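Open the model in your viewer and keep the selection box at hand. Each stop says what to pick and what to look for.

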Amino acid sequence: MPHRRLLVLSLVAGAGLLAGCGAPAVTLAPGVAAADPVCARVLQATPDRLGALERRSTSAQATTAWGADPAVTLRCGVAPTGPTTDRCVNVERPDGTSVDWIQLESDDPNYPANAAEGAGAWAFVTYGRVPAVEVVVPAEHVTGQPTAFLVDLAPAAEVVPAQRACVGVGDVP
């Protein structure tokens, strides 16, 4: 009987050590359309590594994250933005991938809660795609341009077909 107790205690202690090896899941709220089947395809198209950052588990459907806390996060199924005067960032890759992203300001009602953590962050939402994809890039993970992560995530965002594109002052006749 003492051997059995020792075995059980060893197993419990070992499980506790293993549980501490990985980083805890990143807590995120799901987007309003997280159950849209296209979001599953978006998540499948995301890279396992984002630059030097490794993928992390998350607590919500249609979300993923990379890096230490505060993590770079992606949520699919967030509310799409309508016409706006907010800054539009067009990300083009050599492979022909092109995605328009709206840079959300901190006073925007759609500014994500996790963007306000740490030393601040940049928050982007795809424009002209339904469901929309949101990316939050914490300042702690930026070594150059915060939009560099958008280049790596453009193929995943492009899984959602574009319905509209950003227009600038020069585009209006």
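Which residue of β6 stands opposite V89? Select V89 and look across: the partner is W101 in β6. Bear in mind throughout that this is a predicted model.

**Stop 1: the β5–β6 hairpin**

Show β5 (88-92) and β6 (98-104) as a cartoon with side chains. The two strands pair in the antiparallel sense, over five bridges. Another opposing pair is N90 and D100, the latter in β6. Now select the turn. Five residues lie between the strands of this hairpin, and G96 has a positive phi near 95 degrees.

Rotate until you look along β5. In a regular strand the side chains alternate between the two faces of the sheet. β5 shows such an alternation: V89 and V91 point to one face and are buried. C88, N90 and E92 point to the other face and are not buried. Keep C88 in mind for a later stop.

**Stop 2: β6 and its other neighbor**

Stay on β6 and color by accessibility. Six of its seven residues are buried, so β6 is largely enclosed by the rest of the structure. Next, add β7, residues 121-126. It runs antiparallel to β6, and four bridges join the two strands. Pick I102 to find its counterpart: V125 in β7 stands opposite.

**Stop 3: the largest core**

In soluble globular proteins, nonpolar side chains tend to be buried together. Select V42, W66, L74, C76, W101, V133 and V135 as sticks. These residues have the most contacts inside the largest nonpolar core, which has 27 residues. Then color the elements that feed this core. α2 (37-44), β4 (72-78), β5, β6, β8 (132-138) and α3 (148-157) each supply at least two residues. α3 gives the most, with six.

A second, separate core has eleven residues, including V78, I102, Y111 and Y127. You have already met I102, opposite V125.

Now center on V133. What does V133 touch beyond its neighbors in sequence, those up to four places away? Its contacts are V42, L74, R75, C76, V78, W101, F124, V125, T126 and V160. Among them are V42, L74, C76 and W101, which you selected as residues with many contacts in the largest core.

**Stop 4: helix α2**

Select α2 and look down its axis. Which residues of α2 are buried? They are V38, C39, V42 and L43. These four cover an arc of only 145 degrees around the axis, which puts them on the same side of α2. Their cover includes β3, β4, β8 and α3. Flip the view to the face turned away from the buried side: the exposed residues P37 and Q44 are there.

Move to the N-terminal end of α2 and select D36. D36 caps this end, with a side-chain oxygen 3.0 Å from the backbone nitrogen of V38.

**Stop 5: a glutamine in a loop**

Select Q61, in the loop between β2 (53-56) and β3 (63-66). Leaving aside residues up to four places away in sequence, Q61 touches P30, A34 and A35. Look for the polar atom of its side chain that lies 3.5 Å from the backbone oxygen of A34. Then draw a distance from the C-alpha atom of Q61 to that of G31. The separation is 8.2 Å, although the two are 30 residues apart along the chain.

**Stop 6: the disulfides**

Show cysteine side chains. How many disulfides are there? There are two. In sequence order, the bonded cysteines pair 1-2, 3-4.

Zoom in on C39 and C76, with an S to S distance of 2.2 Å. The torsion about the S-S bond is -75 degrees, and the link is left-handed. This pair connects helix α2, which holds C39, to strand β4, which holds C76, 37 residues apart. C39 is buried at 1% relative accessibility, and C76 is buried at 0%.

Finish at C88 and C166, whose sulfur atoms are 2.0 Å apart. The torsion here is about 90 degrees, so this disulfide is right-handed. C88 lies in strand β5 and C166 in the segment after α3, so the pair ties together parts that are 78 residues apart in sequence. Are these cysteines buried or exposed? Each is partly exposed: C88 has a relative accessible area of 29%, and C166 comes to 21%.

Note on methods
Residues are numbered from 1 along each chain as its sequence is written. This is a predicted model: local features need pLDDT of at least 70, side-chain atom pairs count only at pLDDT 80 or more; totals for chains, interfaces and linings use all residues. Side-chain values use heavy atoms; hydrogens and water are left out. A nonpolar core is a set of buried Ala, Val, Leu, Ile, Met, Phe, Trp, Tyr and Cys residues joined through side-chain atoms within 4.5 Å. Buried means under 20% relative accessible area, exposed over 50%, partly exposed in between (1.4 Å probe, protein chains only). Contact means heavy atoms within 4.5 Å. A polar contact is a pair of N or O atoms within 3.5 Å; within protein, one must be able to donate a hydrogen and the other to accept it, and residues adjacent in sequence count only if both atoms are side-chain atoms. The arc is that of the directions from the helix axis to the C-beta atoms. Two strands pair if DSSP finds at least two bridges between them. A disulfide is a pair of cysteine sulfur atoms within 2.5 Å.
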